[in-house]
Amino acid sequence: MPRYFDGDYLPPKGRFAICVARFNGFITEELAKGAVDTLVRHGVADADIDVYRCPGTYELPGLVRRVTESRQYAGVITLGAVIRGGTPHFDYVAGECAKGIGQVAFSAAAGTPATAVTFGVLTCDTVEQAIDRAGVKAGNKGSEATLACIEMVNLYAKLAATEGRKG
Ligand code: INI
């Protein structure tokens, strides 16, 4: 009989950080509201949620690295919005952000305790697409990244229990 390890959406143990870029704030603040709402509705206390803001998506990887290295958090949700329309350096900003957050997520998974890092950065061709993904037609990607974070926090907790380590 195989053993299955799955994350779930039961109230997670530990503290959460939401790292949000201010650029395109009318979108990113909606993502942040979705993230806070999803954490609270899954049983995370307000006192266990910290929100960090940085200037733009390009700055997110550095911020997330510092936040994960503080070892205070079971989960970190990253939120931003890169919108192509009229932005010549869209590919650089979006590419560096995705690569940097990916590297931090990879390292943080191996930390003690492990920290789950999830990606709620929108990369859109138009403002309309961004609005749709920030709570209008296509759900709220901040909420989706938060659900993924809860799932990974609970999965890492199960793994840690199997390995007999603290986190
Ligand atoms: N930052 C974003 O978060 N989204 C964008 O769409 C964007 N555009 O279009 O330029 C953007 N630029 C700012 C960038 O993230 C940095 O804050 C800036 O380059 C200073 O380092």
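Reader: Which residues does S143 touch, when residues up to four places away in sequence are not counted?

Author: In this predicted model, S143 touches G34, A35 and T38. The word rests on a cut-off, since contact means heavy atoms within 4.5 Å. S143 itself has its place in helix α5.

Reader: What makes the pairing of the side chains of S143 and T38 a polar contact?

Author: The distance between the side chain of S143 and that of T38 is 2.7 Å, and a polar contact asks for a pair of N or O atoms within 3.5 Å, one able to donate a hydrogen and the other to accept it. The pair is therefore listed as a polar contact, with 2.7 Å set against the limit of 3.5 Å.

Reader: Why is S143 called buried?

Author: The relative accessible area of S143 is 18%, and buried means under 20%, so S143 is placed in the buried class. N154, which also lies in helix α5, is called buried because its relative accessible area is 10%. Leaving aside neighbours within four places in sequence, N154 is in contact with D8, Y9, L10 and P12.

Reader: Which other residues of α5 are buried, and what covers them?

Author: Besides S143 and N154, the buried residues of α5 are G142, A145, T146, C149, I150, V153, L155 and A160. The elements that cover the buried residues of α5 include β1 (16–21), α1, β3 and β4 (116–124). As background, an α-helix has 3.6 residues a turn, so residues three or four places apart point the same way.

Reader: How do you know that the span of helix α5 agrees with what it should be?

Author: Helix α5 (residues 141–163) has 23 residues, and the expected span is 1.5 Å times one less than that number, so the helix should span 33 Å. Its end C-alpha atoms are 32 Å apart, which is taken as agreement. At the start of α5, a side-chain oxygen of N140 comes to within 2.8 Å of the backbone nitrogen of G142.

Reader: Why is G43 called exposed, and why is R65 called partly exposed?

Author: G43 has a relative accessible area of 53%, and exposed means over 50%, so G43 is counted as exposed. R65 comes to 49%, and partly exposed covers the range between 20% and 50%, so R65 is counted as partly exposed. G43 is found in the loop between α1 (25–41) and β2 (49–54), whereas R65 lies in helix α2. G43 and P11 are 32 residues apart in sequence, yet their C-alpha atoms are 5.0 Å apart in space. The C-alpha atoms of R65 and I101, which are 36 residues apart along the chain, are separated by 8.1 Å.

Reader: What makes the phi of R71 and the phi of N24 worth a remark?

Author: Most residues other than glycine have a negative phi. The phi of R71, however, is near 60 degrees, a positive value in a residue other than glycine, and that of N24 is near 55 degrees, again positive. R71 has its place in the loop between α2 (60–69) and β3, and with a relative accessible area of 54% set against the cut-off of over 50%, R71 is therefore exposed. N24 lies in the loop between β1 and α1.

Reader: Why is the peptide bond from T112 to P113 called cis?

Author: Its omega is near 0 degrees, and the bond is listed as cis. P113 is placed in the loop between α3 (90–109) and β4.

Reader: Which residues surround the ligand, and what makes some of them polar contacts of the ligand?

Author: Among those surrounding the ligand are N24, T57 and Y58. An oxygen atom of the ligand is 2.6 Å from a polar side-chain atom of T57, 3.1 Å separates an oxygen atom of the ligand from a polar backbone atom of Y58, and an N or O atom in the side chain of N24 is 3.4 Å from an oxygen atom of the ligand. Set against the limit of within 3.5 Å, these pairs therefore count as polar contacts. The protein covers 77% of the 460 Å² of accessible area that the ligand has on its own. Strand β3 (residues 75–83) gives the most to the shell, with three residues, and the shell divides into six nonpolar, five polar and one charged.

Methods
Residues numbered from 1 in each chain as written. Predicted model: local features only at pLDDT ≥ 70, side-chain atom pairs only at ≥ 80, totals over all residues. Heavy atoms only, no water. Near = heavy atom within 4 Å. Areas by Shrake-Rupley, 256 points an atom, 1.4 Å probe, with all protein chains shown as cover. Helix = DSSP H or I, 4+ residues; strand = E, 2+ residues; numbered from the N terminus. Nonpolar A, V, L, I, M, F, W, Y, C, P; charged D, E, K, R; others polar. Buried < 20%, exposed > 50% of the residue type's maximum accessible area, 1.4 Å probe, protein only.
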